[in-house]
Amino acid sequence: MRAAAAATAIALLTTLPAGAETRGFIGFNWSFDSYGSTPEGVLGIAKIRLDSDGDARGAKASVHLPLADGLSFGSAKLVGVRGKSDRMIEAGVGWSAGTGSVIGTAGLWAPYVDAGLDFDLSGVRGYGGINSLKDWD
């Protein structure tokens, strides 16, 4: 399952049109659910194509690393993004090490900030954070 998810992420990120720009990013999120909250580090890559009218579309792949009890693997996500150069919606799938299951994810991105929800059969987990992605030129 994990190998298939990684292969899908690589295929999606490499098949976007030639005009797409690729950026690596780092971030810090605060995740929360009914059991409490926890900080997490985020490492990722984004590939976005910007049309002449400012419409943007692309994909992001990220790894989320909880920091509460030392650095560990928390989840991996692959999302499609769509919107304008300075704000986008994102939706996709991932894998949660905490629940050992596939997760759905949906959120909003703006320069240097993001927020959203991860969900699976065990419940919903929210997140909000900062990252190094500025608006797309």
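Before we start, one definition: a cavity here is a set of grid points where a 1.4 Å probe fits but cannot get out, and its lining residues are those with an atom within 4 Å of a point. Please keep that in mind, and also that what you see above is a predicted model.

Let me begin with the overall layout. The chain has 1 helix and 8 strands, and if you read along the sequence you meet them in the pattern α-β-β-β-β-β-β-β-β. Of its 137 residues, 39% count as buried. The accessible surface comes to about 7,400 Å², and carbon and sulfur atoms make up 65% of that area. As for contacts with a separation of 6 or more, 40% of them are between residues 24 or more positions apart.

Now to the cavity. How many cavities of 30 Å³ or more are there? The count comes to 1, and its volume is about 130 Å³. It is lined by 16 residues, and Lys60, Ser62, His64, Glu90 and Asp114 are the closest to its centre. Which strand gives the largest share of that lining? That is β1, with 4 residues. At least two residues each come from β1 (21-33), β3 (55-66), β4 (75-84) and β8 (123-131). By type, the lining divides into 6 nonpolar, 6 polar and 4 charged residues.

Next, the largest pocket. Here the volume is about 480 Å³. There are 26 residues in its lining, and those nearest the centre are Asp33, Ser96, Thr99, Asp118 and Arg125. Two or more residues come from each of β1, β2 (36-50), β3, β4, β7 (113-120) and β8. This time β8 gives the most, with 5 residues. The lining of the pocket holds 8 nonpolar, 12 polar and 6 charged residues.

Let's turn to the nonpolar residues. In soluble globular proteins, nonpolar side chains tend to be buried together. In this model, the largest nonpolar core has 11 residues, among them Phe25, Val42, Trp109 and Trp136. Both β2 and β4 give two or more residues to this core, and the largest share, 3 residues, comes from β2. If you click on Val42, you can look for its contacts beyond four places in sequence: Phe25, Ile26, Gly27, Asn29, Ser62, Val63 and His64.

One of those partners, Asn29, deserves a moment of its own. You will find Asn29 in strand β1. Is Asn29 buried or exposed? Asn29 counts as buried, because its relative accessibility is 1%, and the cut-off for buried is under 20%. Leaving out residues up to four places away in sequence, Asn29 touches Thr38, Pro39, Glu40, Val42, His64, Asp114, Tyr127, Gly128, Gly129 and Ile130. Two names there may ring a bell: His64 and Asp114 are also among the residues closest to the centre of the cavity.

For contrast, let me end with Tyr35. Where does Tyr35 sit? Tyr35 is in the loop between β1 and β2. With a relative accessible area of 77%, Tyr35 is exposed. The C-alpha atoms of Tyr35 and Arg125 are separated by 9.7 Å, while the two residues are 90 apart along the chain. And Arg125, you may remember, is one of the residues nearest the centre of the largest pocket.

Thanks for listening!

Conventions. Residues are numbered from 1 along each chain as its sequence is written. This is a predicted model: local features need pLDDT of at least 70, side-chain atom pairs count only at pLDDT 80 or more; totals for chains, interfaces and linings use all residues. Side-chain values use heavy atoms; hydrogens and water are left out. On a 1 Å grid over the protein atoms alone, a cavity is a set of points where a 1.4 Å probe fits but cannot get out, and a pocket is an open set with protein on both sides within 12 Å along at least five of seven lines; lining residues have an atom within 4 Å of a point. Grid points are joined across faces, edges and corners, and a volume is the space filled by probe spheres set on the points. Ala, Val, Leu, Ile, Met, Phe, Trp, Tyr, Cys and Pro count as nonpolar, Asp, Glu, Lys and Arg as charged, and the others, Gly among them, as polar. A nonpolar core is a set of buried Ala, Val, Leu, Ile, Met, Phe, Trp, Tyr and Cys residues joined through side-chain atoms within 4.5 Å. Buried means under 20% relative accessible area, exposed over 50%, partly exposed in between (1.4 Å probe, protein chains only). Contact means heavy atoms within 4.5 Å. Accessible areas come from the Shrake-Rupley method with a 1.4 Å probe; for residues, only the protein chains shown count as cover.
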